[in-house]
Amino acid sequence: NYNISLCIFLVPRLFTTKIADYYEEYYKSKGIKFVKGTVLTSFEFDSSKKVSSGVSHSYLMHYCCHSCHSQRWYSGPADMVVVGIGIRPNTSLFEGQLSIEKGGIKVNGKLQTSNSSVYAVGDVAAFPVRLFGEIRRLEHVDSARKTARHAVTAIMEPEKTDDFDYLPFFYSRVFGLSWQFYGDNAGEAVHFGDYSGKSFGAYWVKDGQLVGSFLEGGNKEEYEALARATWLKPSVENVAELEKKGLSFATEICQRSPSSPPNVGVESSVTVVHKPIHVWHATAGVIFAASIAGFAYWYGRRRKRW
């Protein structure tokens with residue numbers, strides 16, 4: 001059995017409570033134990049300097065007074081510890097030189113910064129997202145790959161390169177499950193499918209339009225239909241009808257508007273783009289992104305020595 005502590009809610013940035021509860025129960029069925037409401041304070045080590053346990057405590061609020069708390073300390077055995085603390089883009093190198101917005105380096109549709117000779121890609125780039133109608137900074141491998149490709153294309157063929165039109169895309173696989181998410185989880189969530197089985201999903205509706213979609217247990221065609229429907233932002237007049245139709249709603253939308261969106265990711269499938277990207281362009285993109293990351297790391301260490 002395995003313990004996962006410090007979990008109040010599984011992936012709250014993307015999922016609703018109903019979806020998160022499903023995955024939590026599925027994890028439990030695989031031997032995962034959740035220890036909620038705790039704060040990890042330290043690790044204990046054995047004679048060989050290997051971690052042997054984790055020490056944590058929980059805060060319990062008394063009903064008599066909201067400002068009165070008690071602490072409960074306990075430790076649990078551990079063979080291995082994985083600590084996920086998140087990331088924060090290192091933009092300090094560029095402050096005062098490039099425009100910074102929403103925690104990242106602001107770029108235009110060509111991935112150019114406020115200095116047109118400097119491009120930013122990946123997690124550090126805050127770029128215009130047509131679906132949202134605003135600047136966003138996205139943290140996912142799909143976005144990193146596609147912004148790098150687009151930046152290289154814009155550098156090599158600026159007059160032939162359109163603005164980056166990206167549909168936010170996230171995916172993951174856990175045990176025997178696999179889900180994909182498109183768009184934004186803003187507005188009202190509408191669940192559909194069989195949440196007692198292994199195929200279900202959800203839509204997000206904001207201001208009468210479909211802006212986000214999620215599907216667990218779909219096939220390639222179903223995921224592609226969901227991606228296209230989300231990119232098209234169709235009107236939703238009846239939420240109850242949307243819930244009833246479920247996945248067929250996306251299929252019907254695609255049949256009426258068969259055009260494929262650019263830069264839409266579907267895991268394990270070929271990405272649809274406006275024009276072919278040569279292999280050497282993609283390679284140059286990877287080298288370009290790695291060079292920026294390497295220079296930022298070197299500069300950051302140098303600043304610490306100062």
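**A nonpolar surface patch and an aromatic cluster**

Phe43 is found in strand E3, which spans residues 38–45. In this predicted model, Phe43 is partly exposed, with a relative accessible area of 33%. That value lies between the 20% limit for buried residues and the 50% limit for exposed ones, so the intermediate class applies. Phe43 also belongs to a nonpolar patch on the surface. The other members are Leu40, Phe45, Val81, Val83 and Ile85. Together, the six residues have about 570 Å² of accessible area.

The protein chain as a whole has six helices and 14 strands. It comprises 306 residues, of which 40% count as buried. The accessible surface of the chain comes to about 17,800 Å². Carbon and sulfur atoms hold 53% of that surface. Among contacts with a separation of 6 or more, 52% join residues 24 or more positions apart.

Aromatic side chains were examined next. The count of aromatic pairs comes to 20. One of these joins Phe200 and Phe214. The ring centres lie 6.2 Å apart, and the planes meet at 40°. This angle falls between 30 and 60 degrees, so the pair is classed as tilted. Phe200 lies in strand E13 (residues 199–206), whereas Phe214 lies in strand E14 (residues 209–216). The pair therefore ties together parts that are 14 residues apart in sequence. Both partners are shielded from solvent by the under 20% criterion. Phe200 is buried at 1% relative accessibility, and Phe214 is buried at 0%.

Phe200 and Phe214 are also members of one aromatic cluster. Phe15, Tyr22, Tyr23, Trp179 and Tyr195 complete this cluster. Tyr195 has a charged neighbour as well: Lys18 lies over the face of its ring, at 4.5 Å from the ring centre. A second arrangement of this kind involves Arg136 and Phe132. The charged end of Arg136 sits over the ring of Phe132, 3.8 Å from the ring centre.

Asp165 is found in a loop. The loop runs between helix H2 (141–156) and strand E10 (169–174). Asp165 has a relative accessible area of 16%. The cut-off for burial is under 20%, so Asp165 counts as buried despite its loop position. Asp165 and Pro128 are 37 residues apart in sequence. In space, their C-alpha atoms are 8.2 Å apart.

How values were computed
Residues are numbered from 1 along each chain as its sequence is written. This is a predicted model: local features need pLDDT of at least 70, side-chain atom pairs count only at pLDDT 80 or more; totals for chains, interfaces and linings use all residues. Side-chain values use heavy atoms; hydrogens and water are left out. Rings of Phe, Tyr and Trp (its six-membered ring) pair if their centres lie within 6.5 Å; planes under 30 degrees apart count as stacked, over 60 as edge-to-face and the rest as tilted. Helices (H or I, at least four residues) and strands (E, at least two) are DSSP runs, numbered from the N terminus. Buried means under 20% relative accessible area, exposed over 50%, partly exposed in between (1.4 Å probe, protein chains only). A charge sits over a ring if NZ of Lys or CZ of Arg is within 6 Å of the ring centre and within 35 degrees of the ring normal. Patches are made of residues with over 30% relative accessible area and no salt bridge: like charges are joined within 9 Å, nonpolar side chains (Val, Leu, Ile, Met, Phe, Trp, Tyr) within 5 Å. Accessible areas come from the Shrake-Rupley method with a 1.4 Å probe; for residues, only the protein chains shown count as cover. A salt bridge is a side-chain nitrogen of Lys or Arg within 4 Å of a carboxyl oxygen of Asp or Glu. Contact means heavy atoms within 4.5 Å.
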